[in-house]
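This text walks through one protein chain, from its charged contacts to its core, its backbone and its annotated sites. Please keep the sequence and the structure open while reading.

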Amino acid sequence: MPSNKSVSDAPIVQFTNCRILRDHQLQREDLWVREGKILNPEKLFFDEKGSADVQLDCKDSIIAPGFIDVQINGGFGVDFSLATDDFKSGIDLVSQKILSHGVTSFCPTLVTSPPSVYHQVLPQISVRNGGAHGAGILGAHLEGPFISKEKKGAHPEHCLRTFEAGAFQDLLATYGSLDCVQIVTLAPEMRRSSEVIQELTKRGICVSLGHSVANLSQAEEAVQHGATFITHLFNAMLPFHHRDPGIVGLLTSDKIPAGRRVFYGMISDGIHTNPAALRIAHRAHPKGLVLVTDAIAGMGLAPGRHTLGQQVVEIDGLNTYIAGTKTLSGSVATMDTCVRHFQEATGCSVETALEAASLHPAQLLGIEHKKGTLNYDSDADFLMLNDSLCVQATYIAGEEVWRQDGSGM
């Protein structure tokens, strides 16, 4: 048996006086961290005869896994769908600023854009771990341009595309590269979409259904070919109809392959989805609900005019519209606000609200062995929150990367 020293010389930090979200329950336990990972204290005591080097009193805070935002178009004046020379500094700014909202990992999202934008922007997005510099990047989410004209929402019509003879080759030519791509949103009713879904899935890319007029059988066929996600449920799709519930019907479909779960994004900002619709979705399929911000460049900025890719948008309170219209265009809500609104609107448990922003997106992306939980050996990306679910501190790999300065709490 190796001695404690040969196992690791790294300091062990013990977080005490806290309630940890583990196994779907808040449990009054200590959290042990070493070298950026959650430690099993039993192994530490019995195998290594080790103990804590540092103890931190959490003053009865909740400790929950860091939030994961799989759909965020930008924020704080930065638009991920704009090809700029200083794109990297823009993505760095957003990843730094969202730490205060509890986001420890995210998928920078590009709305429908011309091929030149994808070719310029995608090589500048690289998957990376989070840290003091900001939240980790899990890969890009490409929302469009292979979506429905009828349900384009805030996406510019002149940039929309269909799959032609080449199908998957068309997609490759449009994006230029799939190296850093984690999610692609497309409309499953498009001709040849099935082969595209299969090709993307084969490459480990998550396919999401959205901006679509698909009926339920088209949506079910897409899931049978590998699609696992629905982009902002209820928004930019056919409304639920009892004779053909469309994509919404996937929440209770009996045609989902055995062992597969369909996840769905919800913008829980009180604007995009009526609280009653949020409750209906949650009660129908609680384990699939993934909170997303769908935040645009105007998040964190004053009301007024801002951009979303090729379009100008107007912010009025929490409402964001394509300028001169009443078409909603993404949100300016932060992830911690979405978590609090979701809990309030549905009356769900604190645990359920926190897991919708952490465990579920991790499961969607197949990374729940290292993110989205506080299980032993997982990444020590976590938050300290008060009972009102306001973020007090954010930790990545066991290091504090943001702390509330004491004001406003």
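A residue is called buried when its relative accessible area is under 20%, exposed when that area is over 50%, and partly exposed in between. The model discussed here is predicted.

Arg19 is a place to begin. Its relative accessibility is 16%, so Arg19 counts as buried. The residue belongs to strand β1, which covers residues 12-22. Arg19 is also part of a network of salt bridges that links it with Arg28, Asp60 and Asp387. Within that group, the side chains of Arg19 and Asp387 are joined by a polar contact of 2.7 Å. Neighbours within four places in sequence aside, the contacts of Arg19 include Arg28, Asp60 and Asp387, and also Leu26, Gln27, Ser61, Ile62 and Ile63.

The structure holds 16 salt bridges in total. One of them joins the side chains of Lys37 and Asp379, with an N to O distance of 2.6 Å. This pair connects distant parts of the chain: Lys37 sits in strand β4 (residues 37-38), Asp379 sits in the loop between α11 (359-364) and β20 (382-385), and 342 residues separate them. What is the accessibility class of each partner, buried or partly exposed? Lys37 has a relative accessibility of 34% and is therefore partly exposed. Asp379, at 13%, falls under the cut-off and is therefore buried.

Asp379 takes part in another salt bridge, this time with the side chain of Lys371, at 2.9 Å from N to O. Here both Asp379 and Lys371 are buried. A further salt bridge is formed by Glu199 and Arg203, whose closest N and O atoms are 2.6 Å apart. Glu199 counts as partly exposed because its relative accessibility is 23%. Arg203 is also partly exposed, with a relative accessible area of 46%.

From charged groups we turn to nonpolar ones. In soluble globular proteins, nonpolar side chains tend to be buried together. In this model the largest nonpolar core has 93 residues, and those with the most contacts inside it are Ile125, Leu186, Leu200, Leu250 and Leu354. The element that gives the most to this core is α9, with 5 residues. Leu354 can serve as an example of the surroundings: apart from neighbours within four places in sequence, it is in contact with Leu21, Ile62, Ala64, Phe67, Val339, Leu385 and Leu389. Ile62 has already appeared, as one of the contacts of Arg19.

Next come some details of the backbone. Strands β18 (residues 311-316) and β19 pair in the antiparallel sense over 4 bridges. Val313 has Ile322 of β19 as its bridge partner. The hairpin made by these strands has 2 residues between them, and in it Gly317 takes a positive phi near 65 degrees.

Which residues other than glycine take a positive phi? Asp23 is one of them, with a phi of about 55 degrees, and Phe76 is another, with a phi near 55 degrees. Asp23 lies in the loop between β1 and β2 (25-28), whereas Phe76 is found in the loop between β7 (74-75) and β8 (78-79). Asp23 has a relative accessibility of 56% and so counts as exposed. Phe76, at 15%, counts as buried. The peptide bond from Gly144 to Pro145 is cis, with omega near 5 degrees. Pro145 is located in the loop between β11 (140-143) and α5 (168-175).

The annotated positions come last. An unreviewed UniProt entry lists Ala154, Asn235, Ala236, Arg243, His272, Leu328, Ser329 and Gly330 under "binding site". These positions span 177 residues of sequence and are also spread in space, with up to 29.5 Å between C-alpha atoms. Ala236 lies in the loop between β14 (229-230) and β15 (263-266). Beyond its neighbours within four places in sequence, Ala236 is in contact with Lys151, Gly210, His211 and Ser212.

Leu328 lies in the loop between β19 (319-322) and α9 (335-346). With a relative accessible area of 27%, Leu328 is above the buried range and so is partly exposed. Outside the four places on either side in sequence, Leu328 is in contact with Ala154, Ile271, His272, Thr320 and Tyr321. Among these contacts, Ala154 and His272 are also on the list from UniProt.

Key
Residues are numbered from 1 along each chain as its sequence is written. This is a predicted model: local features need pLDDT of at least 70, side-chain atom pairs count only at pLDDT 80 or more; totals for chains, interfaces and linings use all residues. Side-chain values use heavy atoms; hydrogens and water are left out. UniProt positions are given in the numbering used here, feature names are shortened, and annotations may be inferred rather than shown by experiment. Contact means heavy atoms within 4.5 Å. Buried means under 20% relative accessible area, exposed over 50%, partly exposed in between (1.4 Å probe, protein chains only). Two strands pair if DSSP finds at least two bridges between them. A salt bridge is a side-chain nitrogen of Lys or Arg within 4 Å of a carboxyl oxygen of Asp or Glu. A polar contact is a pair of N or O atoms within 3.5 Å; within protein, one must be able to donate a hydrogen and the other to accept it, and residues adjacent in sequence count only if both atoms are side-chain atoms. A nonpolar core is a set of buried Ala, Val, Leu, Ile, Met, Phe, Trp, Tyr and Cys residues joined through side-chain atoms within 4.5 Å.
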